[in-house]
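Visitor: I am new to this structure. Please take one part and give me a close look at it.

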Amino acid sequence: MCVKEIITVISVLLLLFPSTVKPRAVGGAQPAGGPQGGAPEGGGGGTLDVVAQFGAKADEKTDLSQPLLNAWKEACASPAPSQIVIPAGTFLLSRAALEGPCKGPVDIQVQGTIKAPPDPSHFKDDTWVIFSRIEGFTMSGGGIFDGQGALAWSKNDCHKNKKCTLFPINIRFNFLTNAYIHDITTKDSKQFNVNVLGCKNITFEHFTVSNPEHSLNTDGIHIGRSDGVTILHSEIKTGDDCISLGDGSKNVVVNGISCGPGHGISIGSLGKYKGEEPVAGIKIANCTITNTMNGVRIKSWPASYPGTASDMHFEDITMDNVSNPIIIDQQYCPWNQCDLKNPSRVKLSNISFKNIRGTAAGKEAVKIICSAGFPCEGVELADIDLTYTGPDGPAISQCSNVSPKLSGKQNPPICAAPAPTSPGGQAGPAKASPGGKASPGGKASLGATA
């Protein structure tokens, strides 16, 4: 079981059992008594400064956990709008679980830099900061969540160890309604940067993800089982998918994103688990993808559980030196540990790729490998112009189990060459990048990789 599959299982458990783990103190501060998260009685609202009013210290030694939690309790208990301010400076934060429901709207202004403990052995689970079960939540301020993940990346062996340790995600947003996060940076996460689970109407704008290309399993934003997720005008650089959508992702809009380095923008992987929810209503537009392993991709496992994904549209996207610009891969099989003799049972339908242009770093610029058991339906490609200038000739496309509707420019000629077949009669397995994704949430709802 790959790391993103394991994360998916954990995410499903989070749906059933809210976290009760208390933060472990780091440095000089010792946690005060009292329950974590939730709204106590009373509360007056207004502006709450964690330094001026709750004793936090920007010395990179004193743990911010308890001052932040105390401020949260007061804000969450207020029926009037409240704002928590984390001022300029650099703070150490061992862990934070900020939970609702709250009596009124809460806004967090992160103006400083918040750092995680660098040693992954400090953490008892795969969570650093989590916001959970809140309505009307906002966060902004230009601040940074720094996961200090370099040590974790050096210990990540999930590409070869099925029982590998799961490192913490920088920020989890679980079961939020009507949330707006903007002008915030997450960097150097040990695992995924952001995981969105069970949310309704949540928007990210002018959001920055900054991880190096060699950081494994560090998806920028992973979405699972959420309805109404919008990501606008943001920059994502990471070692895995810039944005990944797992099962149950509905009505998702991604617009104006700069992606790369990383593995591109992916839907899936789908079909790994029983009972996955449909994916529907996805619009990816006006994005630039640069120096990535993949461009825009839909992926499902062979020999999968049944599932559906429909109404997925990719438009006005610029590719710059992307290895695999357009992919539908229903034989997604990282590390070749799959049953390729049996086709995927995830039905894909109503898919369009329009006005996708730029340069490919690999010869196969378009690859549409659909299920032999459930062929893709309603696939449209219009105005595709992808060039490859490598020594092995111009760009080509490969197709299997699909009859796409074609219009406008088609460079390379779409579906002009058949895909090679495997012993099971389907197209041969696509090359996988290190680390596979899956999920109730599509990757491990958290996510999956490659």
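Guide: Here is a close look at the salt bridges, one pair at a time. Keep in mind that the model is predicted. Side chains of opposite charge can pair when their charged atoms come close. The structure holds 13 salt bridges.

Start with D125 and R95. Their closest N and O atoms are 3.0 Å apart. D125 sits in the loop between β6 and β7, and R95 in the loop between β3 and β4, so this salt bridge ties together parts 30 residues apart in sequence. How buried or exposed are the two partners? D125 counts as partly exposed because its relative accessibility is 23%. R95 is buried, with a relative accessible area of 5%.

Next come R225 and E277. Their side chains meet in a salt bridge at 4.0 Å, N to O. This pair links distant parts of the chain, 52 residues apart. R225 lies in the loop between β14 and β15. E277 lies in the loop between β20 and β21. R225 is buried, at 18% relative accessible area. E277 is partly exposed, at 33%. There is a third member here: R225, D247 and E277 are linked in a network of salt bridges.

Last, take E364 and K367. They form a salt bridge, with the closest N and O atoms 3.6 Å apart. E364 has 22% relative accessibility, so it counts as partly exposed. K367 has 15%, so it counts as buried. The cut-off explains this: buried means under 20% relative accessible area.

Methods. Residues numbered from 1 in each chain as written. Predicted model: local features only at pLDDT ≥ 70, side-chain atom pairs only at ≥ 80, totals over all residues. Heavy atoms only, no water. Helix = DSSP H or I, 4+ residues; strand = E, 2+ residues; numbered from the N terminus. Buried < 20%, exposed > 50% of the residue type's maximum accessible area, 1.4 Å probe, protein only.
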